[in-house]
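Dear colleague,

Please find below the structure that I am handing over to you. A description of what was found in it follows.

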Amino acid sequence: MIYFAFTCAADAQTNRTELKRADLTGTNMEIVVSVVDVQPGNNLIRHTHHGEEAVYVLEGATLALPEGKEVPFPTGAATINIRDVPHGGVKVAGDKTLKMLTVRIVDKGKPMMEPVK
């Protein structure tokens, strides 16, 4: 259930506020800490990342899956999205904004996300 929900700043329908960015010592990677808000009715496109992404739900919401089923994505939920594995592809349903804290450890100089075609 929660697998479908995880994303961050997946498209123009999200509001991502970057809090901190720093090099990961001894690597060609960086750590990026952000807060992502997704308003009701907006989509989180299916996408991948060039590294790992940890997600913690600050304010939960209901998500509509592609087949139309709605599932809760509750406050306090957490997950880790692994490199190059597609996730997202959902819509925020109901009247609550989804708010997530994300921590990404990603390849330096690459885009934060890649849409899945």
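**Overall architecture**

Read from the N terminus on, the elements of the chain run β-β-β-β-β-β-β-β-β-β-β. In total, the chain has 0 helices and 11 strands. Please bear in mind that this is a predicted model.

Buried residues account for 40% of the 117 residues in the chain. The accessible surface of the chain is about 6000 Å², and carbon and sulfur atoms contribute 56% of that surface. As for contacts between residues at least 6 apart in sequence, 77% of them join residues at least 24 apart.

**The five-stranded sheet**

One open sheet is formed by 5 strands in the order 1-2-10-5-8, with antiparallel pairing. Its edges are held by strand 1 (14-23) and strand 8 (78-81); each has a single partner strand, so one side of each is left without a neighbour in the sheet. From one strand to the next, the twist averages 20°.

Strand 8 is joined to strand 5 by 4 bridges, and the two run antiparallel. Within this part of the structure, V55 stands opposite T79 in strand 8.

**The four-stranded sheet**

A further open sheet consists of 4 strands in the order 3-9-6-7, and here too the pairing is antiparallel. Strand 3 (43-44) and strand 7 are at the edges; because each has a single partner strand, one side of each is left without a neighbour in the sheet.

Strand 6 pairs with strand 7 over 4 bridges in the antiparallel sense. T62 has P72 of strand 7 standing opposite.

**The nonpolar core**

The largest nonpolar core holds 15 residues, and those touching the most other members are V38, V57, L63, F73, V92, L98 and M100. At least two residues of this core come from each of the following: strand 2 (29-38), strand 5 (51-59), strand 6 (61-64), strand 7 (70-73), strand 9 (90-93) and strand 10 (98-107).

**One residue in detail: V103**

V103 has its place in strand 10. Is this residue buried, partly exposed or exposed? V103 has a relative accessible area of 32%, which lies between the limits of 20% for buried and 50% for exposed, so V103 counts as partly exposed.

Leaving aside residues up to four places away in sequence, V103 touches I31, V32, V33, E52, E53 and A54. V103 and V35 are 68 residues apart along the chain, and their C-alpha atoms are separated by 9.0 Å.

**Salt bridges**

How many salt bridges does the count come to? The count comes to 6 salt bridges, and three of the pairs are described here.

- E18 and R21 form a salt bridge in which the closest N and O atoms are 2.7 Å apart. E18 is partly exposed, with a relative accessible area of 36%, and R21 also counts as partly exposed, at 36% relative accessibility.
- K108 forms a salt bridge with D23, with 2.7 Å between the closest N and O atoms. K108 lies in the loop between strand 10 and strand 11 (114-115), whereas D23 lies in strand 1, so the pair ties together parts that are 85 residues apart in sequence. K108 is partly exposed, with a relative accessible area of 37%; D23 is likewise partly exposed, at 48% relative accessibility.
- D107 and R83 meet through their side chains in a salt bridge of 2.8 Å, N to O. Since D107 belongs to strand 10 and R83 to the loop between strand 8 and strand 9, the pair ties together parts that are 24 residues apart in sequence. D107 has a relative accessible area of 17%, which is under 20%, so D107 is buried. R83 is partly exposed, at 31% relative accessibility.

Finally, R16, E18, R21 and E30 are joined into one network by salt bridges that share partners.

**Points to look at when you open the model**

You may wish to begin with the two open sheets, in the orders 1-2-10-5-8 and 3-9-6-7. The core residues V38, V57, L63, F73, V92, L98 and M100 could follow. The salt bridge of K108 with D23 may then be viewed, together with the one between D107 and R83.

With kind regards

Note on methods. Residues numbered from 1 in each chain as written. Predicted model: local features only at pLDDT ≥ 70, side-chain atom pairs only at ≥ 80, totals over all residues. Heavy atoms only, no water. Core = buried A, V, L, I, M, F, W, Y, C linked by side-chain atoms within 4.5 Å. Buried < 20%, exposed > 50% of the residue type's maximum accessible area, 1.4 Å probe, protein only. Pairing = 2+ DSSP bridges. Axes fitted to C-alpha atoms, helices over the stretch in contact; angles between N-to-C directions. Contact = heavy atoms within 4.5 Å. Areas by Shrake-Rupley, 256 points an atom, 1.4 Å probe, with all protein chains shown as cover. Salt bridge = Lys/Arg side-chain N within 4 Å of Asp/Glu carboxyl O.
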